[in-house]
Amino acid sequence: MIIRARIVVTMDGALIENGAVAASGNRIVDVGTFDEIKTRNTGQIFDLGDQALLPGLINAHCHLDYTCLRGKISPQKSFTDWIRSINEKKSELSPKDYLASIKVGFEEAKRFGTTAIANLTAFPELISQVQSSIRTWWFAELIDIRAPERANELVDAAIESLERARSPGVPQGLAPHALFTASKDLFRRCGQIAEREHILLTTHLAESKEEMEMFHDASGPLYEFIRSIRRPMNDCENKTPLGFLLGALGDRALPQWIIAHLNELTENDFDLLERLNPKFHIVHCPRSHKYFGHSPFAFERLRTLGFSICLGTDSLASNKSLSLFAEMRAFRKSFPRVSPQEIFQMATVNPARALRCENALGQIRPGFEADLIAIPSSGAKDVFDEIVAFDGSVSWSMVNGQVYRDW
Ligand SMILES: [Zn+2]
């Protein structure tokens, strides 16, 4: 099959005007100008007309479990109040609700041009009942605050559920929820398993001021809330969340993690980050960040230190939609000096690297997976400007070589 478009944005060198992509099965086999591709390949031609053909977007941090909570929790006074609210809402949901929520989430993500997603689920046992319509990395989200002595058991059960639902070629992942809900043992166990097997790791770290307050000052609303659940709090003393995690895992273990948020960092943390080599991957969720009113995200400093930063939507319990285009626009508002091309990389090339798929996803290249999307192109001078400004559903998408066009 040959797909022709006004412009092909490969993210692998120059833009190709009047370009085309040849795909066979689920792979891209050739990329070039329409004339070149027609000469070198045979097959049916799909002319997308005045559109820009782009690599599919990759959402590096999402919780589709909570798609049904859109608009249900208004911004709270504190992060801890939000946790209380979501726990209350969750207590009203059944496995059937979660399955419906995940299904609706996949459809919405796909409609907005997402072709791959790193999705955390608190219910790994449900994964085998879900048909995902986009490429999915399932991360089993683990919390052992009420039974830390069962950390290993919890991880092993999650691994079993993941194994049962594993799709060929896509590694799965583990996600100890956060330092305040998962024990050191749980983090370590996940780290050990990831080293042994083809497993990815992610966690929420240093997201809120209250998390910093808890570990550094042994006070604040999150400290009080977590103490009320009977977590032993004697390890909350003069540590930053980053320092705490490095202490628990050792800095050599950290590069394999995808770290979500990282909003609260001290000068000492920046020194630690500078020394870390190689670096871990970071996910920033611009609209969820705004919803919570977190401290400014230190994008420029982290980038200067050599970190690769991806974009994510987080869940609809703290966001309005699963559109990564909306995340790119929100990011641009906060960081107007960052080029639209670099912002687009944060939703394509960078997350592909974080998911260890930089040789298969995030760019339009021969040999890569046929995950493509198209958006209208006016022929504007800066195509990346137009991409980041795009607001709406994509007009066409292809996931794993399969075409979707009617939403
Ligand atoms: Zn999250």
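**Core.** I looked up the largest nonpolar core, meaning a set of buried Ala, Val, Leu, Ile, Met, Phe, Trp, Tyr and Cys residues joined through side-chain atoms within 4.5 Å, and of its 106 residues I noted L174, F280, L302, F325, M328 and I387 as those that touch the most other members. Helix α4, residues 151–165, gives the most to this core, with 6 residues. Apart from it I found another core, of 20 residues, including A116, A118, L120 and L200.

**Source.** I kept in mind that this is a predicted model, where local features need pLDDT of at least 70 and side-chain atom pairs count only at pLDDT 80 or more, while totals for chains, interfaces and linings use all residues. Residues are numbered from 1 along each chain as its sequence is written, and side-chain values use heavy atoms, with hydrogens and water left out.

**Burial.** I read that buried residues make up 60% of the 407 residues in the chain, where buried means under 20% relative accessible area with a 1.4 Å probe, protein chains only.

**Fold.** I noted 15 helices and 16 strands in the chain, taken as DSSP runs (helices H or I, at least four residues; strands E, at least two) numbered from the N terminus. Among contacts (heavy atoms within 4.5 Å) between residues at least 6 apart in sequence, 71% join residues at least 24 apart.

**Extent.** I looked up the C-alpha trace, which spans about 70 × 45 × 40 Å along its principal axes.

Notes: Buried < 20%, exposed > 50% of the residue type's maximum accessible area, 1.4 Å probe, protein only.
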